[in-house]
Amino acid sequence: MKYVVRTESLLKVVGDVLVLPCFSSTPSIRETLQEVDAAFQGKLLVHLERHAFKAHKGEWLMVPTFDVLKTQFLLVVGLGEKSLCDLDTVRFVAAITAQRSREVKAREVVTCLPLLTGKEVAPRLIAEAWVTGFGSASYQFHRYKSAKKETEKSDKAVVGVERVTLCESTRLRATAIQRGCDAANHVVEALCLARDLVNTPPGDMTPQDLLKAAQLVAKDQSRIELKLLTVEDMRKLGMDGTLAVARGSQHEAVGVHLTYHPKTKPKKRIAVIGKAVTFDSGGLSLKPADAMMTMKCDMAGAAAVIGLFQALPTSQVNVEVHGIFLAVENMPSGSAYRPGDVVKAMNGTTIEVLNTDAEGRVTLADALSYAATLKPDAMIDLATLTGACVVALGDDLSALMTNNPRLGGQLLRAAREMGEGLWELPLLGSYEDLIKSKVADIKNIGGRSAGAITAGLFLQHFVEKIPWAHLDIAGPAFVERETRPDHPYGGSGTGVRLLLRFLQEL
Ligand code: BES
Ligand code: MN
Ligand code: ZN
């Protein structure tokens, strides 16, 4: 997608849809639309009145222009009350704009940003929010759609919007807006990469494929280093748990350690660890068919890490970032690990496996142990770890668990700013009993109650004393029910924007 800022009048730019955002209060709809209404000889306002258009937040009306304007359609969208309009609203309204534009098969959209004057929100930030909402909502995953007929090939719904022209009369503001657009566009591209990785069918997204995706991001980026951990390396490091999980699959485990070196001397060193189960059948503790249908999303943590690294070189992050994932596929077979097996994690802790479907924590035990050896200032893991988390918090919230309230506060703030749902759950010490094992140090399941927390407590055994936060993204990682315009069906890319903001603010 191309975003171009022009200092011209909106009405002079040729395109498919002209989008005019309106507040429901002052300036009134009448004032905002005056000039365009004149082109329609006063019929536009009559039309809007007839439809009782009040410019409530997200309300919209698409009007054919019959060539009175330089676009085929005019889209009027409501921003709601001006005093309540914030960056979240801008993101939301931009997403609605993208949806509606796609509906009329538009390729070129012309619009202007709602300036939140009086609130002192910098134009650059408004541009970022707008592009984030628009770009995020424009995402489509059609790699597996065959376009047999020529007519289908040229279907604009598949092509989508290619160019957005943002008009801004003040040159100074226009420059700031262009900067905001470019920065946000890079982030959206990273977000969409993470979504693509999650959406790719599990047969085409094996541990090897996930490695390739990471290699592609590291390629030509002198500031990103990639260290591959082969099965042999993992064996030497003592990552027995990870190798045990992978044993049921035809696909070997693959470990990846990415390092981002910022331009200037880094202020901090942070490790980001992603769960990377390319498909989770449950293993011998096989999942029911329905529960397996979306389990290609079980590498969403690693996808977020890869997406983050794609965005790092063009971001304002002055931190040495380590991205780590151990990719495996969890399958049942004659060689699969069994309920009852005991495995030893890299840090020496022994784990009694009582359910092979609680595989994520077994692989993360090694990934966290490995990350801890790097002695980072903090480490953050992202994992589609438990169904219990979805039961507790639903699809719109990830859970945060942490041994460090300051780190937790920083992550909660970054999530709030980026519109990602995040809610803290306590790592309650008294629940440690639930994961005590009779034969090993700990067991990999804690029973029915507090499933998200016992998984978090399990992970805590592998972080030494390092400030650590665990994000259980099982709910938001994969969108099955489309409830928000900027969250289309499938992988959501959750975590990418949150992590980036967190790192920017360090
Ligand atoms: N990958 C799943 C968790 C999951 C569930 C992610 C739903 C996304 C949506 C995880 O490996 C798993 O199977 N967890 C088990 C743990 C249980 C056996 C203790 C679960 O939540 O049922
Ligand atoms: Mn599982
Ligand atoms: Zn899993």
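## Domain arrangement

In this predicted model, 38 Å separate the centres of domain 1 and domain 2 when these centres are taken over C-alpha atoms. The contact between the two draws 16 residues from domain 1 and 12 residues from domain 2. According to the domain assignment of the protein chain, domain 1 is made of two segments, 2–141 and 160–189, while domain 2 covers 200–504.

## Buried area

Between them, domain 1 and domain 2 bury about 1200 Å², and 59% of this area lies on carbon and sulfur atoms. On the side of domain 1, Arg91, His186 and Val187 supply 37% of the area that this domain buries against domain 2, which is more than any other three residues supply.

## Polar and charged pairs

The count of salt bridges between domain 1 and domain 2 is zero. Across the interface of domain 1 and domain 2, one residue pair is found in polar contact, with both residues at pLDDT 80 or more.

## The domain 1 face

Three helices each give two or more residues to the side of domain 1 that touches domain 2, namely H3 (87–103), H4 (123–138) and H7 (171–199). Helix H3 gives the most to this side, with six residues.

By residue class, the side of domain 1 that touches domain 2 divides into seven nonpolar, five polar and four charged residues. Charged residues are thus present on this face of domain 1, although the number of salt bridges to domain 2 is zero.

How values were computed:
Residues are numbered from 1 along each chain as its sequence is written. Chains are lettered from A and ligands numbered from 1 in the order in which they are written. This is a predicted model: local features need pLDDT of at least 70, side-chain atom pairs count only at pLDDT 80 or more; totals for chains, interfaces and linings use all residues. Side-chain values use heavy atoms; hydrogens and water are left out. Domain bounds come from an automatic or database domain assignment. Contact means heavy atoms within 4.5 Å. Buried area is the accessible area (1.4 Å probe) that two parts lose on being put together, summed over both. A salt bridge is a side-chain nitrogen of Lys or Arg within 4 Å of a carboxyl oxygen of Asp or Glu. A polar contact is a pair of N or O atoms within 3.5 Å; within protein, one must be able to donate a hydrogen and the other to accept it, and residues adjacent in sequence count only if both atoms are side-chain atoms. Helices (H or I, at least four residues) and strands (E, at least two) are DSSP runs, numbered from the N terminus. Ala, Val, Leu, Ile, Met, Phe, Trp, Tyr, Cys and Pro count as nonpolar, Asp, Glu, Lys and Arg as charged, and the others, Gly among them, as polar.
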